[in-house]
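Reader: I should like to request a close look at a single part of this structure, followed outward into its surroundings. Please keep the account connected, so that each element leads to the next.
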Amino acid sequence: MSRFTLYLQQLLRSLMLLSVLSATAAQAIERRDLIIDTDPGADDVVALLLALASPEELNVLAITTVAGNVRLDKTSRNARLAREWAGREEVPVYAGAPKPLVRTPIYAENIHGQEGLPGIAVHEPVVGLASGNAVDYLIQTLTKAPPHSITLALLGPETNLALALVQAPEITQGIKEVVVMGGAHFNGGNITPVAEFNMFADPHAAQVVLASGVKLTYVPLDVTHKILTSELRIKQIEALNNQAGKLVGDILNEYVKADMVQYGLPGGPVHDASVIAYLLKPELFSGRQVNLTIDTREGVTFGQTVADWYDTLKHDKNVFWVENGDAQGFFDLLTSRLSRLK
Ligand code: BDR
Ligand code: CA
């Protein structure tokens, strides 16, 4: 082989490496258009801060609120508080459904406190709600969005998206992916022996979303109960010495207490923040494609998610079910992103 051919081969290799590197860099900075639907809620607020501190990857178009952990007026105020603490008041907050589709409303004040934010004092934020309803906002935005361009993170009962889908099924055209915090399979439930809170709070809504055919990822208790706080992990956040670090430290110190006692865990889960971490760094998580159904019949299994992990039924695999996650990787990501906030 002549020296010239060798030189050409080397040049070609370098060019190929360069193009791979620049493609990887381009991928890494590709921004996702994201709507966060949420019921803050302690872990919802941590999730919102994580998302709003990550503008390179996440273009948060809006936050939509739903009744869940506490009443809608409080979840809507808490979402605006999170936005204020993140210094991101330009992101609109739309209030949505005040109650579930069919069942009577339930709340989780025993875990999240009367105001929905344990461990800290709340106030009325300076900037108000966007005018209009969250469900109308979803319909309008997803109808005119480029095909399959918008991701939705659902951090509470799925009522808002279900109402939008029932009124305008064609909005699926604008949806790239829906990532849900909800469900439980291997772990068991946290509100009944088998049901997770968001599913139990509005199982009919979850059923509508499951039937819509959109690309779905579930981040259930199976994984969130493996990503636990520890004294050290909370100290790492508090040591940031900024407002965000102090708020998250104060919230988590209070929030994790009940779960640690209830489940005998060495720390507490920060459920909803795992959804945002999944969007930022999917490599921290693993799971598999499964068939997922939800039980809406009255009785002891009301709100139970049935994940066919071993494909026994040979039904359509309609959901990516996240089953494991890198706990330290999650807390390192959270800490580094919170360090960017005031
Ligand atoms: C889910 O229920 C709510 O209490 C939390 O905010 C989270 O979304 C966990 O089961
Ligand atoms: Ca929530």
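Between which helix and which strand does the loop that holds His-148 lie?

Author: The model is a predicted one. In it, His-148 sits in the loop between helix H5 (134–144) and strand S4. The backbone there is notable for its phi angle, which is near 45 degrees and thus positive in a residue other than glycine.

Beyond this loop, strand S4 covers residues 150–154, and the loop between S4 and helix H6 (159–167) holds Leu-155. This residue takes part in a metal site: the calcium ion (ligand 2) is coordinated by the backbone O of Leu-155 together with OD atoms of Asp-39, Asp-44 and Asp-272. Asp-44 appears twice in the list of donors, and the distances run from 2.2 to 2.7 Å. Along the chain, these donors follow the spacing D-x4-D-x110-L-x116-D. Asp-44 belongs to helix H2, and with Leu-155 it forms a pair that links distant parts of the chain, 111 residues apart. Leu-155 counts as buried because its relative accessible area is 1%, against a cut-off of under 20%. Asp-44 is likewise buried, because its value is 0%.

Helix H2 leads to the strands around it. Strand S1 (residues 32–38) and strand S2 run parallel and are joined by seven bridges. One of the pairings sets Thr-38 opposite Thr-65, its bridge partner in S2. Between these two strands the chain passes through H2 (residues 42–52), and the resulting β-α-β crossover is right-handed. The loop between S1 and H2 contains Gly-41, and the peptide bond that leads from Pro-40 into Gly-41 is cis, with omega near -15 degrees.

Strand S2 spans residues 58–65 and is mostly covered, since six of its eight residues are buried. It also pairs with strand S3 (residues 93–95): three bridges join the two, and they run parallel. Here Thr-64 stands opposite Tyr-94 of S3. A right-handed β-α-β unit is made by S2, helix H3 (residues 72–85) and S3. S2 thus has parallel bridges to S1 and to S3.

Other pairings involve strand S10, which comprises residues 319–325 and is joined by three bridges to strand S6 (residues 216–219), with the two running parallel. In that pairing, Tyr-218 is placed opposite Trp-321 of S10. Strand S7 (residues 285–290) also pairs with S10, through six bridges, but in this case the strands run antiparallel. Among the S7 pairings, Ser-286 has Asn-324 of S10 as its bridge partner.

To return to backbone angles, Asn-241 offers a further case beside His-148: its phi is positive, at about 60 degrees, although Asn-241 is not a glycine. Asn-241 is located in the loop between helix H10 (231–238) and helix H11 (243–263). It counts as exposed, because its relative accessibility is 71% and the cut-off for exposure is over 50%. Asn-241 lies 35 Å from Ile-191, C-alpha to C-alpha, with 50 residues separating them in sequence.

These parts belong to a chain whose secondary structure amounts to 13 helices and ten strands. Its radius of gyration is 21 Å, close to the 20 Å that the globule rule gives for 342 residues, so the chain is as compact as a globular protein of that length. The C-alpha trace spans about 80 × 50 × 45 Å along its principal axes. Of the 342 residues, 55% count as buried, and the chain exposes about 14,800 Å², of which carbon and sulfur atoms supply 57%. Contacts within the chain reach far along the sequence: among those between residues at least 6 apart, 82% join residues at least 24 apart. The pair of Asp-44 and Leu-155, 111 residues apart, shows at the level of single residues how distant parts of the chain are linked.

Terms used. Residues numbered from 1 in each chain as written. Chains lettered and ligands numbered in written order. Predicted model: local features only at pLDDT ≥ 70, side-chain atom pairs only at ≥ 80, totals over all residues. Heavy atoms only, no water. Buried < 20%, exposed > 50% of the residue type's maximum accessible area, 1.4 Å probe, protein only. Helix = DSSP H or I, 4+ residues; strand = E, 2+ residues; numbered from the N terminus. Pairing = 2+ DSSP bridges. Right-handed = clockwise from strand over helix to strand, strands pointing away. Donors = N, O, S within 2.8 Å, 3.2 Å for Na, K, Ca; no water. Rg over C-alpha atoms; globule rule 2.2 N^0.38 Å. Contact = heavy atoms within 4.5 Å. Areas by Shrake-Rupley, 256 points an atom, 1.4 Å probe, with all protein chains shown as cover.
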